[in-house]
Amino acid sequence: MNDLQCMIQGCQAKVYSPAGTQHVCKEHFLSFLTWRRRKGAQMFVHYAGLSMDQRDPIAAEWSKTVSTVDAPSTTASKP
C-alpha cells in the first residue's frame, strides 16, 4: 500500500480510502463525501450498490471539481 497515491494530481498526502479503483487521502475523502451528499441521498444509495469499476466515473466526475490548489501537501507544518 506504500506505492499508492491520492488520485488528485499534486497531492502527496497519505492514502486513506478507495475512490473506485483509485485512492484518496483523508482530506479528499471527506471532500468526496461532501460532494456526494450535495448530490442528494439517492447518490449514496446508488454509489453503495456499484462495484469498484462502476464507481470510477463518479470519482472522475468529482475529481474534476477539485483544483490542485485544494490538494493538501505533506510539507505543511502541523501545530
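Let's start with one residue: Cys 11 counts as buried, because its relative accessibility is 3% and the cut-off for buried is under 20%. The model you are looking at is a predicted one. Its protein chain has three helices and two strands, and 34% of its 79 residues are buried.

**Around Cys 11**
- Cys 11 sits in the segment that comes before strand S1 (15–19).
- Follow the chain 13 residues along from Cys 11 and you reach Val 24; the C-alpha atoms of these two residues are 9.0 Å apart.

**The overall layout**
- Reading from the N terminus, you meet the elements in the order β-β-α-α-α.
- Among contacts with a separation of 6 or more, 50% link residues that are 24 or more positions apart.
- The chain exposes about 5,500 Å² of surface, and 52% of that comes from carbon and sulfur atoms.

**The nonpolar core**
- In soluble globular proteins, nonpolar side chains tend to be buried together.
- Here, the largest nonpolar core has 19 residues, and the ones touching the most other members are Met 7, Ile 8, Val 24, Phe 32, Ile 58 and Trp 62.
- At least two residues of this core come from each of strand S2 (22–25), helix H1 (26–39), helix H2 (41–48) and helix H3 (52–63).
- Which of these elements gives the most to the core? H1 does, with four residues.

**How the helices pack**
- Two packed helices are described by the angle between their axes and the distance between the axes.
- For H1 and H3, the axes come within 11 Å and cross at roughly 100 degrees.
- H1 is therefore roughly perpendicular to H3, because angles of 65 to 115 degrees count that way.
- On the H1 side of this contact are His 28, Ser 31, Phe 32, Trp 35 and Lys 39, and they meet Ile 58, Ala 59, Glu 61 and Trp 62 in H3.
- Sorted by class, the contact of H1 with H3 has five nonpolar, two polar and two charged residues.
- H1 also packs with H2, at an angle of about 120 degrees and with the axes 5 Å apart.
- In that pairing, Phe 32, Leu 33, Trp 35, Arg 36, Arg 37 and Lys 39 of H1 meet Met 43, Phe 44 and Tyr 47 of H2.
- The contact of H1 with H2 has six nonpolar residues, three charged ones and no polar ones.

Notes:
Residues numbered from 1 in each chain as written. Predicted model: local features only at pLDDT ≥ 70, side-chain atom pairs only at ≥ 80, totals over all residues. Heavy atoms only, no water. Buried < 20%, exposed > 50% of the residue type's maximum accessible area, 1.4 Å probe, protein only. Contact = heavy atoms within 4.5 Å. Areas by Shrake-Rupley, 256 points an atom, 1.4 Å probe, with all protein chains shown as cover. Core = buried A, V, L, I, M, F, W, Y, C linked by side-chain atoms within 4.5 Å. Axes fitted to C-alpha atoms, helices over the stretch in contact; angles between N-to-C directions. Parallel < 35°, antiparallel > 145°, perpendicular 65-115°, else oblique. Nonpolar A, V, L, I, M, F, W, Y, C, P; charged D, E, K, R; others polar.
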